[in-house]
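This report walks through a few local features of one protein model for a reader who is meeting it for the first time. Please keep the sequence and the structure in view while reading.

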Amino acid sequence: MRPLTYLLTLSLIISVSCKSNNSKAEIQIPVRETGKASSVAKIWIDSITGHKVEKLVNRPGDNRSFYFHNNPFLKSEDGTEDLMVFSGSSETGNQFFTVNLTTKEVQQITHKKGNKRGEILGRKTRKVFYMIKDSVFSTHIDTHETEFIYKFNDDVIGSVTTLNADETLLGGALITKEENEIFKKNPKKSSYFDKIYEAKLERSLITINVNTKEFKNIYSENAWLNHIQFSPTNPDLLMYCHEGPWHKVNRIWNINIKTKDTTLIHKRTVEREIAGHEFFSPDGETIWFDLQIPRSVTFYLAGKHLATGKETRYGLKRDEWSIHYNISPDQKTFAGDGGDPGQVARAKDGMWLYHFTPKGDSLVSEKLVNMKNHNYDLEPNVHFSPNGKQIIFRANFEGSTQIYAVDIEKHQH
């Protein structure tokens, strides 16, 4: 039986004042356990953490925010508001939309039929890039004008996943048809993961010039090259990984696309050490990653400074380990999306969204959202909002995939 104080907390209604249309209006925010019932309210105070959570996108169907290292944010056309691009289901295949983070207004960007792959946003060119089957397209955020960019030849299987800093080159990979057959026959990650790694089939890193449409094969290796990301500041620097069981690979690499020089970012030092889910800092100076020495025993969020080679390590407790981490716009704090007991950390109480603040060589955590009603088959993939005041994530606790935001500052009442 739950304690009386808990039940009383659930029944509390917090009255707050906010300005609306230049006048004071009282709104009431319920205090609820985060789950299906709370999402109906669209805005609530998490009864365990005390942080305000809101449903960010209100439109029919599934709505999915970007993968954690893919930037979804840009300014409105007049530069006064922050927009976020997301993918939403529709009768004509998934489409891209924007949501105004202040007004919550949703605008549809793409209308072309077909399921779209890729989550690539060019903030300077104000275009979203994606693939439908074997072809690459871009659509302008404001005009919605769509442009065909490139079609992969029938004898190859290609994809694009990233855009370089000056927004002239798309980066991606070519895979063999033999590898593609392994994916088709083993659609679940638990089935294909070891098989793809052990096959040691050739993969290539490629670029496509978005203006001239020129295709280049820049690097090939008999390895599972994956997680491809351009630096946010250096247009010639591309990060990729050797995918596979993390304790068997030296995973994180950079390549200069002009010189073709490759650099290993973190070399494993002990048996079963792992490093992965790497991402660039906003200034492009550091690559951050999940580090475990060895796997499932000791946990760190680590960062390799590219200019100096210095590696920073912040220790974490087992329950604080997260599938993905992210860094705030001012690069002072971090966020994590937690994980269920079936994840690599085997955490007994890890189903939370976290905000982390560095202190010495460790991270001090604060729980933001109770995720016990979320199925972690869908990874939350946390993003800091552009103003650094919220963590945006996706979740399925209301029975479908939806997008939410939680305030980092605890609600005062």
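## A proline after a cis bond

The model is a predicted one, and a convenient place to begin is P294, which lies in the loop that links β23 (286-292) with β24 (299-305). The peptide bond leading from I293 into P294 is cis, and its omega is near -15°. As general background, most peptide bonds are trans, and most residues other than glycine have a negative phi.

## Two loop residues with positive phi

K133 belongs to the loop between β11 (127-132) and β12 (135-140), and its phi is near 55°, which is a positive value in a residue other than glycine. Because its relative accessibility is 71%, and exposed stands for values over 50%, K133 counts as exposed.

Q331 is found in another setting, the loop between β26 (325-327) and β27 (334-336), and here phi is near 60°, again positive in a residue other than glycine. With a relative accessible area of 30%, Q331 is partly exposed.

## Helix α3 and its surroundings

Helix α3 spans residues 177-185, and within this helix E179, N180 and I182 are buried. These residues lie on the same side of α3, because they cover an arc of only 155° around the axis. On the other side of the helix, E178, K184 and K185 are exposed. The packing partners of the buried residues of α3 are the strands β14 (157-163), β15 (169-175) and β16 (203-209), together with helix α4 (189-199).

The axes of α3 and α4 come within 9 Å and cross at roughly 165°, and the two helices are therefore roughly antiparallel to each other. The crossing in which α3 passes α4 is right-handed. In this contact, E179, I182 and F183 of α3 meet Y192, K195, I196 and A199 of α4.

## A four-stranded open sheet

Four strands, in the order β18-β19-β20-β21, make up an open sheet with antiparallel pairing. The edges are taken by β18 (225-230) and β21 (262-264), each of which has a single partner strand, so one side of each is left without a neighbour in the sheet. On average, and with direction ignored, neighbouring strands of this sheet are turned by 25° against each other.

Inside this order, strand β19 (residues 237-242) runs antiparallel to strand β20 (residues 252-256), and five bridges join them. C241 stands opposite I252, a residue of β20. In general, the strands of a sheet pair through backbone hydrogen bonds, either parallel or antiparallel.

Conventions. Residues numbered from 1 in each chain as written. Predicted model: local features only at pLDDT ≥ 70, side-chain atom pairs only at ≥ 80, totals over all residues. Heavy atoms only, no water. Pairing = 2+ DSSP bridges. Axes fitted to C-alpha atoms, helices over the stretch in contact; angles between N-to-C directions. Buried < 20%, exposed > 50% of the residue type's maximum accessible area, 1.4 Å probe, protein only. Arc of directions from axis to C-beta. Contact = heavy atoms within 4.5 Å. Parallel < 35°, antiparallel > 145°, perpendicular 65-115°, else oblique. Left-handed = near helix turned anticlockwise from the far one by under 90°.
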